[in-house]
Amino acid sequence: MGIRILHLSDIHLGSGQGYGRFNPQTGINTRVEDFYRALETAIDQALALPVDVVLFTGDAFPDATPPPWIQELFARQFLRLTTAEIPVVMLVGNHDQYKQGEGGASLSIYRALNVPGVIVGESLATYTLTTPNGPLQIVTLPWITHSMLLTKPETQGLSMEQINQLLLTRLREALEGEILHLDANIPAILAAHLMVDQAILGAERFLSPGKTFTVPLSLLAQPCFRYVALGHVHRHQVLYQEPPVVYAGSIERVDFGEENEAKGYVLVEIEPTETRWQFCPLPTRPMHTIQVDLTQAKDPQTKLLDAVKKAPITDAIVRVIYRIRADQVTQINERELREVLATAHYVALQPEIVTEQPRKRVTNVDLSQVLDPMTVLAQYVDEMEHLKPLKKDLLLAAQALLQGTEPDWSATPATEQLPLQLGEITPVSKR
Ligand SMILES: [Mn+2]
């Protein structure tokens, strides 16, 4: 039998409590219970099989300083594994780091207590585990911060893009160093919490705003690894087949960005000649968006109620987004609406009130006369004072974009000055 690994990620225990309510029977917020149940189910299955290793690829809580009772719930589940002598690898994610790593991580306590069978992946390092089905090497790559691989003087005067380039170079070197020291006779896996350039984003883009550092897939999908376990992106996805490069995804829905995503963990089996894996779904609470345009409705209330009655709302977290004209607002009976939604777990009503003024046109580009996109762009730029100095470059870039080629900047002199401030650009449309 091969080495069996349960790969789970982005637990975020304690998040999304705004969508829950106080459960008088337990004294716990229902959303915390939902996340806890998902975690418990995953651990149940790790014990039942049993697996040889549980690999958690980061983001235990919403932030690095969760309340003690949340920490306790988390610890209680992982204790079940250590009691059963199943080794656990906990990788530090961005949400686990206190002040970008400067103050340690919420998971550091497990290292400090030297909990038997628990490895906390706080730095780029390689660990060799002994399992009943043979040894396994695990390279841990926690969430990367500048201070991990760069010093202050090195980054002085560099742009964010240059810093990220330098960071990537350093990471490449450091990872190569780990790979060089791997024992070729023992299977190796990589566990990383990061954003891969080819990942499809889920809700986490809202969770970690600001500068993004992405890592090319080629850096991770190296043949020396039998499996690459990823955390950070909440949407479960497979980025590469040989070796499998897999985001396990979050175990429960953190917000509506994850409404249509299946949640679960990944069961991996490393056999001598192949790696097999499968995604295993976990019980989660549905999230459901009901979207209705009432602006043309004669009876907006009836139309709204009909839309709600058709939707699978029982026990779900529901948001109702309805477009409505200002003069129709009094026709909506919110109390009646809430009664129809009574079986939902949580309800957010989000009216979008439309004012009747026609949308102001940004430019006078005559779309009925338009022949090709380049003509439109040229007309548009001519009307925008602040874009005029960039006209040549914009047209060149657009031309290249349409042809799917790289713009040939040598054909035009570099734009001398950019009298342009980003705030001045009026978007043509919001989408
Ligand atoms: Mn993360």
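In the predicted model, Val-53 is buried, with a relative accessible area of 0%. The residue belongs to strand β4. Outside its immediate sequence neighbourhood of four places on either side, Val-53 touches Arg-4, Ile-5 and Leu-6, then Ile-86, Pro-87 and Val-89, and further along the chain Leu-129, Thr-131, Leu-136 and Ile-138. The C-alpha atoms of Val-53 and Thr-130 are 9.7 Å apart in space, with the two positions 77 residues apart in sequence numbering. Ahead of β4, the loop that follows α1 (30-48) contains Pro-50, and the peptide bond from Leu-49 to Pro-50 is cis, with omega near -15°.

The protein chain as a whole contains twelve helices and 19 strands. It has 431 residues, of which 48% count as buried. Among contacts with a sequence separation of 6 or more, 68% involve residues 24 or more positions apart. The exposed surface of the chain amounts to about 22700 Å², and carbon and sulfur atoms supply 52% of that area.

A manganese ion is coordinated by four residues: Asp-59 through OD, Asn-94 through OD1, His-193 through NE2 and His-232 through ND1, at 2.1 to 2.3 Å. The spacing of these donor residues in sequence is D-x34-N-x98-H-x38-H. Asp-59 is located in the loop between β4 (53-56) and α2 (68-83), and His-232 in the loop between β12 (227-231) and β13 (237-240), so this pair ties together parts that are 173 residues apart in sequence. Asp-59 is buried, at a relative accessible area of 1%, and His-232 is likewise buried, at 1%.

Two residues with positive phi occur in the loop between β1 (3-8) and β2 (22-23). Asp-10 is found in this loop and, although not a glycine, has a positive phi of about 45°. His-12 is placed in the loop between β1 and β2, and its phi is near 45°, again a positive value in a residue other than glycine. Asp-10 is buried, with a relative accessible area of 0%; His-12 counts as buried at 2% relative accessibility.

A cis peptide bond also joins Glu-242 and Pro-243, with omega of about 5°. Pro-243 is situated in the loop between β13 and β14 (245-247).

Gln-137 is part of strand β8 (residues 134-141). With a relative accessibility of 4%, Gln-137 counts as buried. A polar atom of the Gln-137 side chain lies 2.8 Å from the backbone oxygen of Ile-186. Apart from residues up to four places away in sequence, Gln-137 touches Thr-126, Tyr-127 and Thr-128, together with Leu-182, Asp-183, Ile-186, Pro-187, Ala-188 and Ile-189.

Helix α6 (residues 160-180) comprises 21 residues and reaches 30 Å from its first C-alpha to its last, close to the 30 Å expected at 1.5 Å a residue. Its buried residues include Ile-163, Asn-164, Leu-167, Leu-168, Leu-171, Leu-175, Glu-178 and Ile-179. Viewed down the axis of α6, the buried residues fall within an arc of 135°, so they line one face of the helix.

In helix α11 (residues 373-383), the buried residues are Met-374, Ala-378, Tyr-380 and Val-381. These residues cover an arc of only 165° around the axis, which puts them on the same side of α11. The buried residues of α11 pack against α12 (391-403).

Asp-315 is located in the loop between α9 (300-310) and β18 (317-325). At 45% relative accessibility, Asp-315 counts as partly exposed, the buried class being limited to values under 20%. Beyond its neighbours within four places in sequence, Asp-315 is in contact with Arg-285 and Pro-286, and with Thr-343, Ala-344 and His-345. Asp-315 and Pro-286 are 29 residues apart in sequence, and their C-alpha atoms are 7.6 Å apart in space.

Conventions:
Residues numbered from 1 in each chain as written. Predicted model: local features only at pLDDT ≥ 70, side-chain atom pairs only at ≥ 80, totals over all residues. Heavy atoms only, no water. Helix = DSSP H or I, 4+ residues; strand = E, 2+ residues; numbered from the N terminus. Expected span 1.5 Å × (residues − 1). Buried < 20%, exposed > 50% of the residue type's maximum accessible area, 1.4 Å probe, protein only. Arc of directions from axis to C-beta. Donors = N, O, S within 2.8 Å, 3.2 Å for Na, K, Ca; no water. Contact = heavy atoms within 4.5 Å. Areas by Shrake-Rupley, 256 points an atom, 1.4 Å probe, with all protein chains shown as cover. Polar contact = N/O pair within 3.5 Å; in protein donor to acceptor, adjacent residues only side chain to side chain.
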